[in-house]
Structure formats: C-alpha cells, structure tokens
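Please open the model in your viewer and keep the sequence panel beside it. The tour below moves from one selection to the next and says what is found at each stop.

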Amino acid sequence: MEHERRREVFKRNDRLEDLLNELNGTLGSAEAGMDLPKEPRFPVVFVVGAPRSGTTLLMQWLAATGLFAVPSNLLSRFYGAPYLGGRIQRLLTDPVFNYKDELGDPVQHTSAFESHIGKTKGMLQPNEFWYFWRRFIPNVDPEWIPPEQEARIDHIGFRAGVAAIEAAFDRPFATKGIILQYNLAALKGIFPRALFIHTYRHPFFNIQSLLKARQQYFGEERTWFSVKPKEYPTLKDLDPVAQVAGQVYYTQVGIEAELAGMPRNALSIAHEDFCADPSAFFDLLKEKLEALGHQLPGAYQGPARFGVHDELLAEPARRLAILAAWKALSGTDLQLPISG
C-alpha cells in the first residue's frame, strides 16, 4: 500500500496511535452516554478539490476567520469523542478560560497560512480529520465509492458527530471533504444544507506540484499520492505524468459534474482568484450561507491577498509532457505564462 512506501519523516507514530486508541476508547464511551444534539443546527461546509489545488490554504483561511468550528490538529486527537475534544481544546486554548495566564499562549508558535504537502503545524491549525470520517464511511482512502458502499455510510452517526462538534464550539462545522469528494450527492443526502466549496488551480501548476509532492513524500514519482477518482483503475499503470494529469483532470471534471446538480449548495473558486481577493470570496461565502439559513456576523477582517506560488519549474521536456497529457485528456491547449 502507498502508506508503507512513505519516506521516514511521513511515517505514522505507532506509539501515538496506541495512546490515541486508548484515550478515544475511554472518552468515546463517556461521550456516548451524554445527552448531545443528534442533528446539526448550521450548514456544514466541505472544502473539495484536487490535491495541491489550495484546499489547505482555504481551510486555514476559514479557521482564521474564527467563524467556524474547524477540525484542528488538537481536535483530531479526539476523533472518537469530538465533543469532549472540543471542550478540552477550548479549555486549553480559548483566552476566556486562560485564568491569570496559567497556560500562556498556546498558539504563539503557529504560522497561520503555511503547510507542507497539506500538513499544518500548530495545535489549532486545520487537520484533515480522516479518523473521524472513517468512523462513519466505508472507505479508508479518499476515493470514489460505488453505490453499494454508499449505502453503508452511517448517516445517523455522521450527523450526530458533526452536531456534537457544533455544540462544543457553537458555530458551523467546516472541514475538508476530499475523502468523499467523488460522492458529493451522497454527502448532500446526509447533510442537505451542506455547502461544497470547490477550489481549483491552473492545471499545469497543479500537475507540476503534485509530481513534486510525490517525490517529497515517497522519494520517487511512481507511487500514487492522495485522492483516487473513479478512473483510477485506468490511470494507475500509466507513467507518472499521465497519472497525475488524469488525477487532476478527472477530479476537477468529476466534482464539477456533481456540483452541477446542486447549484444552491455549490461555490467554486479558482485558487488564483481566491488569493488575489479573499475579501470578495468572503462576500460570496456569506451570500451562500445566508441562502442556506446561516448569517455570518460582521465584515471581512482577514488578509487582503495571498501570494500565488505558480512558477514554471519543470524542465522543457517535462513541461511538454505535461501539456501533451492534459491536451490528450481535455482536448484543449493550456496557456502558460510567457516568462520561465
């Protein structure tokens, strides 16, 4: 499996896994006996998109607004007891509960808008929260699942889990939805007031970045990295450039096709456009959530813009291979910046 080929720096910490299993077994039993809400009060926000398309930055931005309950690196440790985990997080990090500065500043060493291959640093920075998701869905990997597996999703438990997180923070839950992003109609069936934010990036730079991520993560490019669209069986034996081009293309097309049937629940944004004017995107987000029954308070107070790190790094031969692979899939020529 792909996770067994990770470079040492990305491998799991088995001692941490054992400790978390112990804690979640105990806390999960306690939380199961609590009288917690079973249905979400607010719309649920799911960020979707191809890997390396800006999903992590968008999640960090949502977290930084302070208007959403976002699965943090700390909360992710409590995947079996998210309500109690949320209350513990607030006890440790919310200034309201920091009596006479006994705990100091728990976020002073975090960097709000930095990450490495989707991984953030800092206890309050966003986490993909996959252990929580896997309590309710049949797939371990982020991939398309057929209808017979969709039917095995635990709708009741999933809604109750999200409702518990809402109760812990008293605000809407926002999370990456990439583990189930090829089955968004099924996800909307669980959360009818869901808002799916689809972020997408210029295909050339998305492909180039994904190839680099494979090299960083595995030490080579042939091993598959991250999400698997429905077309994965036809892609997995191709050369790396063709694989990644197909991964980006079929992810973007697949998500667009799903969202076309639910315009009220969809909000799409190019990574470059979001970076250029996050305030304008905030206004769009506010409108969408208002239509789904939730009013975001206040005006935008975040960064005015973000840098876009799209550089032509590939050698000429690799550059041509990426362009050719994309044209073979889409039938269109990609336009690249003249410089580089």
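Is Phe129 buried or exposed? Select Phe129 and display its surroundings: the residue is buried, with a relative accessible area of 1%, where buried means under 20% relative accessible area, exposed means over 50%, and partly exposed lies in between (1.4 Å probe, protein chains only). Before going further, note that this is a predicted model, in which local features need pLDDT of at least 70 and side-chain atom pairs count only at pLDDT 80 or more, whereas totals for chains, interfaces and linings use all residues. Residues are numbered from 1 along each chain as its sequence is written, and side-chain values use heavy atoms, with hydrogens and water left out.

Stay with Phe129 and inspect its backbone, which has a positive phi of about 65 degrees although the residue is not a glycine. Most residues other than glycine have a negative phi. Phe129 sits in the loop between helix 3 and helix 4; helices (H or I, at least four residues) and strands (E, at least two) are DSSP runs, numbered from the N terminus.

Now select Ser226 for another positive phi, near 75 degrees, again in a residue other than glycine. Ser226 belongs to the loop between helix 8 (203-218) and helix 9 (232-235), and it is partly exposed, with a relative accessible area of 25%.

Next, turn to the interior and select Phe132, Trp133, Phe158, Leu187 and Phe191, which are the residues with the most contacts inside the largest nonpolar core, a set of 41 residues. A nonpolar core is here a set of buried Ala, Val, Leu, Ile, Met, Phe, Trp, Tyr and Cys residues joined through side-chain atoms within 4.5 Å. Among the elements that give two or more residues to this core are strand 1 (45-48), helix 4 (130-133) and helix 10 (240-260), while helix 6 gives the most, with six residues. Centre on Phe132 and, leaving aside its neighbours within four places in sequence, look for its contacts (heavy atoms within 4.5 Å) with Tyr79, Pro82, Phe158, Gly161, Val162 and Ile165. A second, separate core has 25 residues, including Ala174, Phe274, Phe282 and Leu285.

For a buried residue in a loop, select His294, which is placed between helix 12 (278-291) and helix 13 (316-330). His294 counts as buried because its relative accessible area is 14%. Beyond its neighbours within four places in sequence, His294 is in contact with Phe42, Pro43, Pro172, Arg193 and Leu289.

Move on to Gly261, in the loop between helix 10 and strand 4 (266-270), which is exposed, with a relative accessible area of 67%. A distance drawn from Gly261 to Ile178 gives 18 Å, C-alpha to C-alpha, for two residues 83 apart in sequence. Then pick Ala64 in helix 2 (residues 55-65), a partly exposed residue with a relative accessible area of 49%; Ala64 and Asp237 are 173 residues apart in sequence and 40 Å apart in space, C-alpha to C-alpha.

Finally, zoom out to the whole chain, which has 13 helices and four strands. Its C-alpha trace spans about 60 × 45 × 40 Å along the principal axes. Buried residues make up 50% of the 340 residues, and residues 24 or more positions apart account for 77% of the contacts with a separation of 6 or more.
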